[in-house]
Amino acid sequence: MSGLGCDRTHGHSGSAQIETNKFQSTLPEGSDRRHQQICGASLRRRVERPHHDTSQVVHLLKIPDFLFVSISMMWYVGVVNGENTSMKGGKMSIRLEVWGENALFSRSEFKTERVTYDVMTPSAARGILEAIFWHPGMRWRIDRIHVLNPIRFDSIRRNEVGRVIDIGKIRTMAEGRGDGGAIYTAESIQQRSSTILRDVRYVIDAHFELNRAKMSSTDSAEKFQSMFMRRAAKGQCFHHPYFGTREFPAEFQLWQESGDPVGFEQGHRDLGYMLYDFDYRNPAHPAPLFFRAELDDGVLDVESVEVRS
């Protein structure tokens, strides 16, 4: 080899080659020497570029090649493109900022009039992440929801229909009989009041877990992480995410700040019982799960809450 990274004495070349061979045995299948050289050179360029002190550069040049290769493989997915591939407890984690003019996270105990929870529910946060990137081999888990804007309520009235279509009538229509129980707005319209949130902004901390039974041989956690980060950075999504109902769209972007998000208030606030998510182990009858929601310094921590049905 020639160029950067080759300024080492022959007395150390033997041990360096042994360490390189050890590292090569841990590389993913298909990683060849040329790939290692490219990764190592790319990392060296990134590391050396900010330094202006000649002594520091010389010190970097004396780092053995196998060390550059090791570090470059850790940076290989995402970081070389400016992305964050942080690991939390062995799980890939992300941080996403979302905001919108209004939100409605309906409380299940209110049947006629819609009343929102004080903050976004974990299931709504999961829905936003799945709208950006979803795969059957992964499952999003919400860790924290940072509430950046003060909690403000508003009341609106909306026109809704008073009933839903009967599935039995749809089957009849599929057989060529009847109109499927069509609902005509002029006949079944009802005006209902809704208590909603206005001017909301949150930061979602989440990670995903893998279901390898539904993954292909080319899938990996790093691949899923990289795909989500690219899509979120470009504003791509399978369908536009929303806050509770599709009437209230959510805008999103990767968290741009270097530090942790700061909540809108300091202190403790008890929000009562809140919907956590649904238990889909029985797809025909998903069971709702609830937890005791509490805000500490504007942060809803759901990573280790007790969930009950």
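## His-135 and its partners

The side chain of His-135 makes a polar contact with the side chain of Asp-219, at 3.4 Å. Keep in mind as you look around that this is a predicted model. The same histidine side chain also reaches the backbone nitrogen of Gly-137, this time at 2.8 Å.

So where is His-135? Look in the loop between helix H5 (122-132) and strand E4 (138-147). Is this residue buried or exposed? Its relative accessibility is 17%, and the cut-off for buried is under 20%, so His-135 counts as buried. If you skip the neighbours within four places in sequence, His-135 is in contact with Lys-214, Asp-219 and Phe-224. Asp-219, then, turns up both in this contact list and as the polar partner from the start.

## Strand E4, just after the loop

Follow the chain out of that loop and you get to strand E4 (138-147). Eight of the ten residues of E4 are buried, so the strand is largely enclosed by the rest of the structure.

Which strands does E4 pair with? One is strand E6 (residues 189-210), which pairs with E4 in the antiparallel sense over nine bridges. To find a spot to check by eye, go to His-146, which stands opposite Val-203 in E6. The other is strand E10 (residues 299-301), which also runs antiparallel to E4 and is joined to it by three bridges. Here you can look for Arg-144, whose bridge partner in E10 is Asp-301.

## Hollow spots inside

How many cavities of 30 Å³ or more does the structure hold? There are two, and the largest has a volume of about 60 Å³. It is lined by 13 residues, and the closest to its centre are Asn-149, Pro-150, Ile-151, Val-200 and Tyr-202.

Strand E6 shows up again here: it gives the most to the lining of the largest cavity, with six residues. Sorted by class, that lining has seven nonpolar, one polar and five charged residues.

## Leu-289, a meeting of chain segments

Last stop: Leu-289, which sits in strand E9 (residues 287-296). Its C-alpha atom is separated by 4.4 Å from that of Ser-309, although the two residues are 20 residues apart along the chain.

What does Leu-289 touch, not counting residues up to four places away in sequence? Its contacts include Met-274, Leu-275, Tyr-276, Asp-277, Phe-278 and Asp-279. Val-307, Arg-308 and Ser-309 are on the list too.

Terms used. Residues are numbered from 1 along each chain as its sequence is written. This is a predicted model: local features need pLDDT of at least 70, side-chain atom pairs count only at pLDDT 80 or more; totals for chains, interfaces and linings use all residues. Side-chain values use heavy atoms; hydrogens and water are left out. Helices (H or I, at least four residues) and strands (E, at least two) are DSSP runs, numbered from the N terminus. Contact means heavy atoms within 4.5 Å. Buried means under 20% relative accessible area, exposed over 50%, partly exposed in between (1.4 Å probe, protein chains only). A polar contact is a pair of N or O atoms within 3.5 Å; within protein, one must be able to donate a hydrogen and the other to accept it, and residues adjacent in sequence count only if both atoms are side-chain atoms. Two strands pair if DSSP finds at least two bridges between them. On a 1 Å grid over the protein atoms alone, a cavity is a set of points where a 1.4 Å probe fits but cannot get out, and a pocket is an open set with protein on both sides within 12 Å along at least five of seven lines; lining residues have an atom within 4 Å of a point. Grid points are joined across faces, edges and corners, and a volume is the space filled by probe spheres set on the points. Ala, Val, Leu, Ile, Met, Phe, Trp, Tyr, Cys and Pro count as nonpolar, Asp, Glu, Lys and Arg as charged, and the others, Gly among them, as polar.
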